[in-house]
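Open the model in your viewer and keep the sequence panel in sight. The stops below say what to select next and what is there.

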Amino acid sequence: ARLYDEKEDRVRDLEIANRRLTTLREIDAHIASSTELKLTLPMLIDKTINHLNVDAVRISQYQSEYQNLKQLAIAGFQIPSSTRPLMRLGEGLTGKVIAERSMLHITDLQNAPEARNEVLLRREGFVTYIGIPLVVKGQLKGVFEVFHRAPLYPAEHTMEFLQTLAGQAAIAIDNSQLVDDLQRSNQDLMMAYDKT
């Protein structure tokens, strides 16, 4: 009976791994075919919520010129997102993740000293927080945050999958910025050519 249970566990783990690989391929294809963050990030958030069984996800972009974070995509919050202003660096959990450029995992938000000013998160009833900085080629692109209304202690392979999803978000943001920069450069060149 024990051998049968171990075999079932291995089969279940292989099925989970296969579903996750399929999801990563889908996300890769989506990122490769579109630089529209409004399409890519909500799909990525949906996959994160479904695969990890978490309550909410938020992806924010770091704006170096303003030294703040702009919320790009969000799901699972009960309080409307329009009430959330731009976040300043160093403020709250998100700012801490960005400032330290390291992952932050808290399993008791209601009593954590780092979260004492996070009134919104407490009102939402979140207990667990995982924040991952989005970094591409050494450049900070934003933060990927997961929220859950119960304690969450993900296994190592689940945390690796979450970090891979965050990496996908970072790549999507980077690609979008590259296209925007290229379009801006083209417009500047055309204006300079017209003036000449």
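**Stop 1: A169**

Select A169, which lies in helix α5, residues 156-195. Helices here are DSSP runs of H or I with at least four residues, strands are runs of E with at least two, and both are numbered from the N terminus. This is a predicted model: local features need pLDDT of at least 70, side-chain atom pairs count only at pLDDT 80 or more, and totals for chains, interfaces and linings use all residues. Residues are numbered from 1 along each chain as its sequence is written, and side-chain values use heavy atoms, with hydrogens and water left out.

Is A169 buried or exposed? A169 counts as buried because its relative accessibility is 0%. Buried means under 20% relative accessible area, exposed means over 50%, and partly exposed is in between (1.4 Å probe, protein chains only).

Now show the neighbours of A169. Leaving out residues up to four places away in sequence, A169 touches L41, L44, I59, L134 and F144. A contact means heavy atoms within 4.5 Å. Draw a distance from A169 to F144: their C-alpha atoms are separated by 7.7 Å, with the two positions 25 residues apart along the chain as the separation.

**Stop 2: the main core**

Select I59, L134, F144 and L162. These have the most contacts inside the largest nonpolar core, which has 30 residues. Such a core is a set of buried Ala, Val, Leu, Ile, Met, Phe, Trp, Tyr and Cys residues joined through side-chain atoms within 4.5 Å. At least two residues of this core come from each of α1 (2-33), α2, β1, β5, β6 (139-148) and α5. Helix α5 gives the largest share, nine residues.

Centre on I59. Beyond four places in sequence, I59 touches L41, I45, K70, Q71, L72, A73, L134, V143, F144, A169 and I173. Then switch to a second, separate core of 18 residues, which includes L69, L104, I106 and F147.

**Stop 3: helix α2**

Select residues 37-52, helix α2. Its 16 residues should span 22 Å at 1.5 Å a residue, and the end C-alpha atoms are 22 Å apart, so the two agree. The expected span is 1.5 Å times one less than the number of residues. Colour the helix by burial: among its buried residues are L37, L41, L44, I45, T48 and L52. Step on to N53, which follows α2 and has a positive phi, near 55 degrees.

**Stop 4: T128**

Select T128 in strand β5, residues 128-136. T128 is buried, because its relative accessible area is 1%. A polar atom of the T128 side chain lies 2.9 Å from the backbone nitrogen of L152. Widen the selection: past four places in sequence, T128 touches H105, I106, T107, L109, V146, F147, H148, A150, P151 and L152.

Next, pick F77, F126, Y129 and F147, which form one aromatic cluster. The structure holds four aromatic pairs. Rings of Phe, Tyr and Trp (its six-membered ring) pair if their centres lie within 6.5 Å; planes under 30 degrees apart count as stacked, over 60 as edge-to-face and the rest as tilted.

**Stop 5: α3 and two loops**

Select α3, residues 92-100. L93, T94, G95, V97 and I98 are buried there. E100 also has its place in α3. E100 counts as partly exposed, because its relative accessibility is 48%. Draw a distance from E100 to P133: the C-alpha atoms, 33 residues apart along the chain, are separated by 8.7 Å.

Which residue follows α3 with a positive phi? R101 does, near 50 degrees. R101 lies in the loop between α3 and β4 (104-106). At 43% relative accessibility, R101 counts as partly exposed.

Move to Q67, in the loop between β1 (56-63) and β2 (68-75). Phi of Q67 is also positive, near 55 degrees, in a residue other than glycine. Q67 counts as partly exposed, at 38% relative accessibility.

**Last stop: the whole chain**

Zoom out. The protein has five helices and six strands. From the N terminus on, they run α-α-β-β-β-α-β-α-β-β-α. Of its 196 residues, 40% count as buried. Among contacts with a separation of 6 or more, 57% join residues 24 or more positions apart. Turn on the surface: the protein exposes about 11600 Å², and carbon and sulfur atoms supply 52% of it. Accessible areas come from the Shrake-Rupley method with a 1.4 Å probe; for residues, only the protein chains shown count as cover.

Note on methods
Polar contact = N/O pair within 3.5 Å; in protein donor to acceptor, adjacent residues only side chain to side chain.
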